[in-house]
Amino acid sequence: NIYYECKDANGNRTVYSYVFTVVDTMPPEVTLGAHAETAKAGEAIVVAEANVSDDYTDCTVQIKVKLPDGTFVNLPGNSFIAPTAGVYTVYYFVYDENYNVTTASYTVRVD
């Protein structure tokens, strides 16, 4: 809250006030660590570590893997098994407590 007090030469006094609200509109920042670019079918692929920062709040990271057939699966841990050859895309969805969202991704070619 911001308050102003004003007085005139006769001693009359009045107070004006208004509310100042800070709104978080900046999405979090995410950088990905080292990760595999290629793998063999049947191997466990460890995904990149996501380093996340935000200017106001804590963040939530969701990781999803897009399979070669185009379907998406949630990744609850830090690795997945690539059962077949093809291109797998690892997506990171990062959002803060005010639902500002940013994404990052990379692909892994599996032979």
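Here is a walk through this predicted model, one selection at a time.

**Colour by confidence**

Start by colouring the chain by pLDDT. The average is 94, and 100% of the residues score at least 70. Among the elements, strand E1 (residues 2–7) comes out lowest, with a mean of 88, while E11 sits at the top with 98.

**Into the core**

Now select Ile-45, Val-47, Phe-80, Val-90, Tyr-92, Tyr-106 and Val-110 and show their side chains. These are the residues with the most contacts inside the largest nonpolar core, which has 18 residues. Three strands each supply at least two residues of this core: E7 (59–66), E10 (86–96) and E11 (101–110).

Stay on Val-110 for a moment. Which residues does Val-110 touch, leaving aside those up to four places away in sequence? Highlight Ala-39, Lys-40, Ala-41 and Ile-45, then Ala-82, Thr-84, Ala-85, Gly-86 and Tyr-88, and you have the list.

**Thr-84, and a long hop to Thr-31**

From Val-110, step across to Thr-84, in the loop between strand E9 (79–81) and E10. Besides Val-110, Thr-84 touches Ala-41 and Pro-68, again not counting residues up to four places away in sequence. Thr-84 is partly exposed, with a relative accessible area of 42%.

Next, draw a distance from the C-alpha of Thr-84 to that of Thr-31: you should read 28 Å, for a pair 53 residues apart along the chain. Thr-31 belongs to strand E3 and is also partly exposed, at 49% relative accessibility. Select its surroundings and you'll find contacts with Glu-49, Ala-50 and Asn-51, not counting residues up to four places away in sequence. Try one more distance here: Thr-31 to Ser-53 is 9.1 Å, C-alpha to C-alpha, with their positions 22 residues apart in sequence.

**Two loops to compare**

Go to Val-23, in the loop between strand E2 (13–18) and strand E3 (29–32). Is Val-23 buried or exposed? At 58% relative accessibility, Val-23 counts as exposed, because the cut-off for that is over 50%. Then add Asn-98 to the selection: Val-23 and Asn-98 are 75 residues apart in sequence, yet their C-alpha atoms are 8.8 Å apart.

Tyr-99 is the next pick, in the loop between E10 and E11. Check its backbone: phi is positive, about 65°, although Tyr-99 is not a glycine. Its relative accessible area is 62%, so Tyr-99 is exposed.

**The salt bridge**

How many salt bridges does the structure hold? Just one. Select Glu-5 and Arg-13 to see it, with the closest N and O atoms 2.6 Å apart. Glu-5 is partly exposed, at 47% relative accessible area, whereas Arg-13 counts as exposed at 53%.

**A nonpolar patch on the surface**

For the last stop, switch on the surface and select Tyr-4, Tyr-16, Tyr-18, Phe-20, Val-22 and Tyr-56. Together these residues make a nonpolar surface patch of about 740 Å². Finish by clicking on Tyr-56, which is placed in the loop between strand E6 (50–53) and E7. Tyr-56 is exposed, with a relative accessible area of 54%.

Methods:
Residues numbered from 1 in each chain as written. Predicted model: local features only at pLDDT ≥ 70, side-chain atom pairs only at ≥ 80, totals over all residues. Heavy atoms only, no water. Core = buried A, V, L, I, M, F, W, Y, C linked by side-chain atoms within 4.5 Å. Buried < 20%, exposed > 50% of the residue type's maximum accessible area, 1.4 Å probe, protein only. Helix = DSSP H or I, 4+ residues; strand = E, 2+ residues; numbered from the N terminus. Contact = heavy atoms within 4.5 Å. pLDDT = per-residue confidence, 0-100. Salt bridge = Lys/Arg side-chain N within 4 Å of Asp/Glu carboxyl O. Patch = residues over 30% accessible without salt bridge, like charges linked within 9 Å, V, L, I, M, F, W, Y side chains within 5 Å. Areas by Shrake-Rupley, 256 points an atom, 1.4 Å probe, with all protein chains shown as cover.
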